[in-house]
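User: Please take a close look at the ligand site. I would like to know what surrounds the ligand.

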Amino acid sequence: MTVDAPAGDLVPAPERTPDEVLVAGEWRRGGGAPVETVDPATGRTLTVLAGADATDVDEAARRAATAAADPRWRGLPAHRRARLLHRIADLIEADADRISALQTADTGKCRAETLALAHSAAGTFRYTAAALETAEDAVTPARGDYVTMSLHEPIGVIGAITPWNSPIASDAQKLAPALAAGNAVLLKPAEWTPLVALALGRIVHRALTEAALPTGLLSVLPGPGAVTGDAIVRHPAVGKIAFTGGTRTGRALAHAAADKLMPVSLELGGKSPTIVLEDADLEQALAGVLFGIFSSSGQSCVAGSRLFVARARYDAFVGALVARAKALRVGPGSDPATQVAPLVHHRHRDSVAAYVDLARTEGAHVLCGGAAPEGERYRDGAYYLPTVLDGLPNSARACQEEIFGPVLIVLPFDDEDDLVAQANDTVYGLACGLWTRDAARAWRLARRIDAGTVWINTYKQFSGSTPFGGMKDSGLGREKGRDGIRGYQRQKSLYWGTDGAPLPWAASR
Ligand code: NAD
């Protein structure tokens, strides 16, 4: 195996993307409905794929089960599986620039962000390889004449279903641990952004081929959720669903998984509070709050979309924040100067605009934004201005529902109890940001707020070694960290008698 130069045709330019899906290692035209992907900066159609239909899914799942059971894969020791993951990371890194360009075209995101996401996906494969090589099964304390062990085995076939907002990160977060654990994977990207998953499919396919491993271990199956996704979830060969997406979809998948008594992990939506206490450093808090909501144009599950500011600092802080929000540079993701890129799709921009209109009817004051930008540059793109609203109670729909766009709602608070009550008054529990110089208060509040991740004096930082997931309606289970691989395995306990004697009847201990 070599660490080589750019991976050739692994990542086609958007205009050359073949209309193929990957069915158990075989590239072919899907049998399903067309999937159109659009560059949201221009409105131009990038490609129209033939999506995978239920027949493609059935074949992919059956062949995945065969590949998962293939002794070349099933018997592969951990350090050799780790080598495969490193090879995938090498190929991603070698092609990071083109993956980044492809993802910017597909999602609209800024190039700096998509480049960082590509490298972070490679990092996910590398961290998972390290965790895999050092994972240990336990010999448990015996209570009789036997040795007891707790073993971890692959589930078999994993359905990985991902959203459009950070495709390569979500895909890698599932693919790396699922393969590390010894499974085969059916990857279903979102309808609006299938291109990066297909590029990742080419990379994994190449790495499997080079290593003479069964190529049926990976399928990439774009298509509508209600058709392709549903067929994956209900297929009898699929033993687990790893899902990232909206809470409504996640709940439906959990119901379907319950029918099969199949495990499911759910990374869902959020309405995360960021909190500025009286003593927060102004510059640090301003930069953090702006980044927390307006980076990725607010299309981030952890977007800090509700800002709570101590009443004593409210007017000064919000005034400075609005001035900064107005100065953010809106433009195409391909322009290095851009800070706020277009939204993923014109239909999503319309949904964000509808939420701002709803907020107006609920009594919101629009402090800035609240419209698409004007001018020739923005005419055809799915742009929306960074928007700051206040004047709403936390019970308003705009404060309770995930908007998933560049819309920040600011609310004052009086004291810690009032703050905690408002911050936790949401069905979600994904993330929280705290800006303060008071360590004791930071610690106290971090423990009182319902959130899977709390950032103190920083925001939207992610580490592969730190578990990630939500509380309440934000999800079930954790990804990443040393235990991330365990979510893709089944546990088996083994008792091995050692004294060779027949069991006495009264052996119960
Ligand atoms: P979505 O729920 O509409 O779709 C997510 C995926 O599920 C897509 O691939 C879609 O095709 C598929 N799907 C839809 N219906 C399905 C069905 N019936 N059966 C099987 N699959 C189905 O979400 P979205 O709009 O693509 O993404 C945005 C959402 O994702 C937001 O709510 C965001 O907060 C959430 N998200 C969460 C995290 C996290 O880690 N917690 C990360 C990113 C995004």
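Analyst: Here is a walk through the ligand shell and its contacts.

This is a predicted model, where local features need pLDDT of at least 70, side-chain atom pairs count only at pLDDT 80 or more, and totals for chains, interfaces and linings use all residues. Residues are numbered from 1 along each chain as its sequence is written, and side-chain values use heavy atoms, with hydrogens and water left out.

The shell around the ligand holds 26 residues. A residue belongs to the shell if one of its heavy atoms lies within 4 Å of the ligand. Lys 188, Glu 191, Thr 249, Leu 268 and Glu 402 come nearest.

Now the polar contacts (pairs of N or O atoms within 3.5 Å). The side chain of Glu 402 places an N or O atom 2.6 Å from a ligand oxygen. Leu 268 uses a backbone N or O atom, 2.7 Å from a ligand nitrogen. At Gly 246, a polar backbone atom is 2.8 Å from a ligand oxygen. The ligand taken alone exposes 850 Å², and the protein buries 84% of that. These accessible areas come from the Shrake-Rupley method with a 1.4 Å probe.

By class, the shell has 12 nonpolar, 9 polar and 5 charged residues. Here Gly counts as polar, while Asp, Glu, Lys and Arg count as charged.

Helix 8 (225-234) gives the largest share, 3 residues. Strand 10 (240-244) and helix 9 (247-260) each supply at least two. Helices (H or I, at least four residues) and strands (E, at least two) are DSSP runs, numbered from the N terminus.

Domain 1 (22-268 + 474-493) and domain 2 (273-456) each contribute at least three shell residues. The domain bounds come from an automatic or database domain assignment.

Conventions
Polar contact = N/O pair within 3.5 Å; in protein donor to acceptor, adjacent residues only side chain to side chain.
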